[in-house]
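Got the viewer open? Let's walk through this one selection at a time.

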Amino acid sequence: MKFELKSKFKPTGDQPEAIKRLIKNIKNGVKNQVLLGVTGSGKTFTLANVIQKIQKPTLIISPNKTLAAQLYQEFKEFFPDNAVHYFVSYYDYYQPEAYIPQSDTYIEKDAKINEEIDRLRHAAVQDVTARKDVIVVASVSCIYNIGSPENYEGVVLQIKKDQKISRKNFILNLTSLQYQRNDIEFKPGTFRVRGNIIEIYIVTGEKILRVEISEDKIEKISELSPNMDKTLKKDFTNYRLFPATFWVAPQDKLKLAINNIKLELNAQLIKFKKQGKNLEAERLEQRTNYDLEMLQETGRCQGIENYSSQLEFRKPGQAPFSLVDYFNYFNPSTSSGQTQNSLIFIDESHISVSQIRAMSVQDRIRKETLIDFGFRLPSAVDNRPLTFTEFEKRQNQTIYVSATPADFEKQKSKNNIIEQIIRPTGLLEPSIEIKKTENQIKDLMEEIKKETAKGQRVLVITLTKRLAEEITDYLIERGIKTQYLHSEVKTMERPEILKDFRKGKYDVLVGINLLREGIDLPEVSLVAILDADKEGFLRNKTTLIQTMGRAARHNNGRVILYADKMTFSMQSAINEINRRRKIQEDYNKKHKITPTAIIKDIRDWGFSKKEDVFEEFGLIHDKKLLEKEMREAAKNLDFERAAELRDLIDKINSKKQAQ
């Protein structure tokens, strides 16, 4: 299928010129461009028009999960008939494996995988390998190792009607794809057997495959809805079944990979013994041999990703495979893949690029410590994110998108910087007021009351998570409907909080840096930035402009900077806001435009309702994680938090007993 953009809007303002220049540069082979688009100018709509015209698979990289979710929803609406996917880190809780030599403390990897996000990741990768009309909105975690695209597609099970295969061999094929037999708890990534009928719950979660085998021959292949109340397709002549995990090696290569792991183990043991590291040698031998036994028996082991370079036959130091490689992968035997014929948009590039640049450094330091003390083989260091240089080598034609592009993007794009300053609605940049920090919370509360009396919303920006939570509690105690939003709020809850905020369940949202880049909140009339004169990452020119932009979608948008002095960053940000305001005022005067507020539908978060989140993903039953958090809170003398967790555990127990 081709991309087909569906929208009631047409490009206006300076959107037509931006679209025209972006498309012309892509067709002329320009590698890098910058779209400098202010908040509310319709950058997403501009990019959608570019995709529609260029007709190339597109990877959109976002700096965080919340913004990625918003972009996913918008592109899903623009391209309802095409493959639009969401690809972010699937951890709700993640404690990486680590070793602290100073205290001889080994920290085992501890994680809670969000099964819904895992299914969405698989759906994204499968469509990238199979379709041309695919858009994947991803967080920067898309540069992490997810295994070889060649291995992933190489183990795909081709099923055909009338194919000769015994039920036993068919089941063996399923287990080699890491599908697990479960006749009781049927969920994505499992299969069950009922006589000659084998039902496979596809790992992406949207359908069940039913295969009927009779006399060692496949009689029928059909698809059912997840609750099995509807047949999606009755009779397939053939079907491609993808693996249930990314870490799958073809059986003919697995034995060779295991032998290579053994050789590496022996070499490292000799090295340790020469260095007199007998304890480290014994530890490494025990841990690795246990993993090898699991690999031989089941084709999988705990922490299999640490052996990815061996399973993929990569040389030491060779780059891992990430989602970017799946976009660039081409399999000549099936004519699938994209052959480097795709686009990359890096949204909010001023922050996304920095994140991509830094990710591999911290990962390597942690891994090297594990290797030095015998917890992992040296090849484990190659289970990592791409380095920035490796990412650049894999970049196809790229558009950096930001209201505040950094020097790097500007230099990379040379003269190809396209400005999109005009808002089709005529809305101006917010007015700015500076107030002293003395009694700032009391003053803030009075300002909030003014806005909420008019049915409008307020964003409050703090410097720390703790302060965000304390201000939230303070405002709630005084009868103001308030909620905080920061990085510790679970992935699937964040879009729901934003939706509830827009609906009016909350009048005030308090945050740190999740309430900056790209968040669409047209009901917000006031942004209050506390401690605006504290120079640093959270109060530099770029951050201030981005944060102020959250008030630019409202007719009466305004910003209060609580500060005792005028910093260079504050002055620079104010000057830029005033420059953009003047451009818009001149445009409005020339075209006789009266500024009108943006009307934007409040979208449902497409995966679940907030009240169903915990049950749907099974998190409500994970008492162990809650109990661990409760003990940790008590240990840190945070008895209030410990009591909250205790009450939640009691609530779960009561609900289970009632059932």
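## Stop 1: a nonpolar helix crossing

This is a predicted model. Start by selecting residues 440-453, helix 14, along with residues 465-477, helix 15: the two pack at an angle of about 55°, and their axes are 12 Å apart. That angle makes helix 14 oblique to helix 15, and their crossing is right-handed. Now show side chains. From helix 14 come Ile-441, Met-445 and Ile-448, which meet Ile-471, Tyr-474 and Leu-475 of helix 15. Sorted by class, this contact of helix 14 with helix 15 has 6 nonpolar residues, no polar ones and no charged ones.

## Stop 2: the parallel sheet

Next, switch to cartoon and find the open sheet of 7 strands, ordered 3-8-2-19-20-1-21, with parallel pairing. Which strands stand at the edges? Select 83-87 and 417-420: these are strand 3 and strand 21, and each has a single partner strand, so one side of each is left without a neighbour in the sheet. From one strand to the next, the twist averages 20°.

Zoom in on the strand 3 end. Strand 3 pairs with strand 8 (residues 134-139) in the parallel sense, over 5 bridges. Label His-85 here, and you'll find it opposite Val-136 in strand 8.

Two helices are worth adding to the view:

- Helix 3 (residues 65-78) lies across strand 2 (58-62), strand 3, strand 8 and strand 19 (343-347), and runs at about 170° to strand 3.
- Helix 4 (residues 115-130) lies across strand 3 and strand 8, and runs at about 135° to strand 3.

## Stop 3: the mixed sheet

Move on to another open sheet, this one with 6 strands in the order 10-11-12-13-14-15 and mixed pairing. Its edge strands are strand 10 (180-181) and strand 15 (231-233), each pairing on one side only. At the strand 15 end, select residues 218-224 for strand 14, which pairs with strand 15 in the antiparallel sense over 2 bridges. Glu-223 is the residue to click, since you can then look for Lys-233 of strand 15 opposite. Then bring in helix 6 (residues 167-176): it lies across strand 10, strand 11 (190-194), strand 12 (197-201) and strand 13 (208-213), running at about 10° to strand 12.

## Stop 4: a helix pair

Select 251-274 and 278-298, helix 7 and helix 8, which pack at about 175° with axes 9 Å apart. Helix 7 and helix 8 are therefore roughly antiparallel to each other. Residues of helix 7 in the contact include Leu-254, Ile-258, Leu-265 and Phe-272, while those of helix 8 include Ala-281, Leu-284, Leu-292 and Leu-295. Color by class and the contact of helix 7 with helix 8 divides into 10 nonpolar, 5 polar and 4 charged residues.

## Stop 5: one more crossing

Jump to helix 17 (residues 541-548) and helix 18 (residues 568-591), packed at an angle of about 45° with their axes 8 Å apart. Helix 17 and helix 18 are therefore oblique to each other, and the crossing is right-handed. Helix 17 contributes Lys-541, Leu-544, Ile-545 and Met-548, and among the helix 18 residues are Met-570, Ile-574, Glu-576 and Arg-580. By class, the contact of helix 17 with helix 18 has 7 nonpolar, 2 polar and 3 charged residues.

## Last stop: confidence coloring

Finally, color by pLDDT. The chain's mean is 86, and 89% of its residues reach 70 or more. Over residues 608-621, though, pLDDT is below 50, and this stretch has 26 contacts in the model beyond near neighbours in sequence.

Definitions and conventions: Residues numbered from 1 in each chain as written. Predicted model: local features only at pLDDT ≥ 70, side-chain atom pairs only at ≥ 80, totals over all residues. Heavy atoms only, no water. Axes fitted to C-alpha atoms, helices over the stretch in contact; angles between N-to-C directions. Helix = DSSP H or I, 4+ residues; strand = E, 2+ residues; numbered from the N terminus. Parallel < 35°, antiparallel > 145°, perpendicular 65-115°, else oblique. Left-handed = near helix turned anticlockwise from the far one by under 90°. Contact = heavy atoms within 4.5 Å. Nonpolar A, V, L, I, M, F, W, Y, C, P; charged D, E, K, R; others polar. pLDDT = per-residue confidence, 0-100. Pairing = 2+ DSSP bridges.
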